[in-house]
Amino acid sequence: MNNYYKTRSYCYKQMRPPAFIARINHLKRLPQKLVFNFILVVSLLIPVSELFAQGSIACDGSLYFTRQLSSSTRISSVNVNATGTVSVADKVTLNPNILTNATVYYNGYVFTQDWGSSTFTLIRVANYNGTNNYTSKTVTGIPTGVDYNNAGVDKNGIMYILSTDSNPIIYKIDLKNWNTDGSGTLSATTATCTMTAGSRLWGDIAFDPLTNRAYAWYHPTSAPSSGQAVRGLYEIQNITSANPSIVKVGSAADYTMGTLFFNERGQLFSYGILTGTGGESG
């Protein structure tokens, strides 16, 4: 069985099968004129050092994702045009016998967790010129032996991963340190989130480029009982603080979503299948 997972979109640096794609419409939108002003302001605020430390994967409005196929992982892209037409293009299949997930796009690179490593290892893919064209680093401060499915990145290059604990732990990895950390490792900091009771299983994390708010998709493996968190979209409030909280947004949605992504207009899309039971473990 093929497993489809995720990454993120949008040019400020930074999927399950295409059987279902949904646009989530109840989030607040800003006028299009403000969108262009926002993009201009962000580009002016990017440090000069970061402008010269970019990978070669184009920031062209594509929404990049990773997909596990048997014993290898494929990086693909998806585009949604103004009329809602979805197109998917395969970019590269990583070296066989490497499975990855918990994927983000940042500053011209695709970052993704190596599931086959005995430590928590991030892979950084710089371009699509070859199946082995990536480097890797060990990340300390995050549990080993856990295969994560969810990840998101903010405009400051902080990568976020949610654990499956009853009070989920959010791990934060500064991807900007990839070039500055001479030890060959990265480190993760943590914060414990509060959330309604339930069995934890996360599909993905995405940031709204207009509001900087963080959202996550929640789909436990079994139907929630009375008083437990329902399936669907959640907001991770105060995600940069020491005490984030995860709260429901909108009504329950009985879907399994492996990917969330925003476009530059602040419209949220999800990639997944129309079933309520989750198939991931992280």
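The following paragraphs describe the sheet, the nonpolar cores and the aromatic contacts of a predicted model.

Eight strands are arranged as an open sheet, in the order 6-7-8-9-13-12-11-10, and the pairing among them is mixed. The edges of this sheet are taken by strand 6 and by strand 10 (152–153), each of which has a single partner strand, so that one side of each is left without a neighbour in the sheet. In general, the strands of a sheet pair through backbone hydrogen bonds, in either a parallel or an antiparallel manner. Strand 7 and strand 8 (residues 121–125) run antiparallel and are joined by five bridges; in this pairing, the bridge partner of F111 in strand 8 is R124.

The largest nonpolar core contains 20 residues, of which L122, I173 and L175 touch the most other members. At least two residues of this core are supplied by each of strand 6 (100–106), strand 7 (109–114), strand 11 (158–162), strand 12 (169–174) and strand 13 (185–192), with strand 6 giving the most, namely three residues. When neighbours within four places in sequence are left aside, L122 is in contact with T112, Q113, T135, S136, K137, V139, M159, I173, L175, W178 and L186, a list that includes I173 and L175, which are named together with L122 as the residues that touch the most other members of the core. A second core, separate from the one just described, is made up of 18 residues, among them I158, A191, I205 and A216.

Aromatic side chains form a further set of contacts, and the structure holds ten aromatic pairs. In one of these, the ring centres of W202 and Y218 lie 5.2 Å apart and the ring planes stand at 50°, so the pair is tilted. Distant parts of the chain are linked by this pair, since W202 belongs to strand 14 (residues 202–207) and Y218 to strand 15 (residues 214–218), and the two are 16 residues apart. Both W202 and Y218 are buried. Elsewhere, Y109, F111 and W178 form one aromatic cluster; of its members, W178 is also in contact with L122, while F111 is the residue whose bridge partner in strand 8 is R124.

Charged side chains are also placed over aromatic rings. The charged end of R124 sits over the ring of Y109, at 3.9 Å from the centre of that ring, and Y109 is itself a member of the aromatic cluster with F111 and W178. In another such arrangement, K248 lies over the face of Y234, 5.4 Å from the ring centre.

Terms used: Residues numbered from 1 in each chain as written. Predicted model: local features only at pLDDT ≥ 70, side-chain atom pairs only at ≥ 80, totals over all residues. Heavy atoms only, no water. Core = buried A, V, L, I, M, F, W, Y, C linked by side-chain atoms within 4.5 Å. Buried < 20%, exposed > 50% of the residue type's maximum accessible area, 1.4 Å probe, protein only. Helix = DSSP H or I, 4+ residues; strand = E, 2+ residues; numbered from the N terminus. Contact = heavy atoms within 4.5 Å. Phe/Tyr/Trp six-rings, centres within 6.5 Å; stacked < 30°, edge-to-face > 60°. Lys NZ or Arg CZ within 6 Å of the ring centre and 35° of its normal. Pairing = 2+ DSSP bridges.
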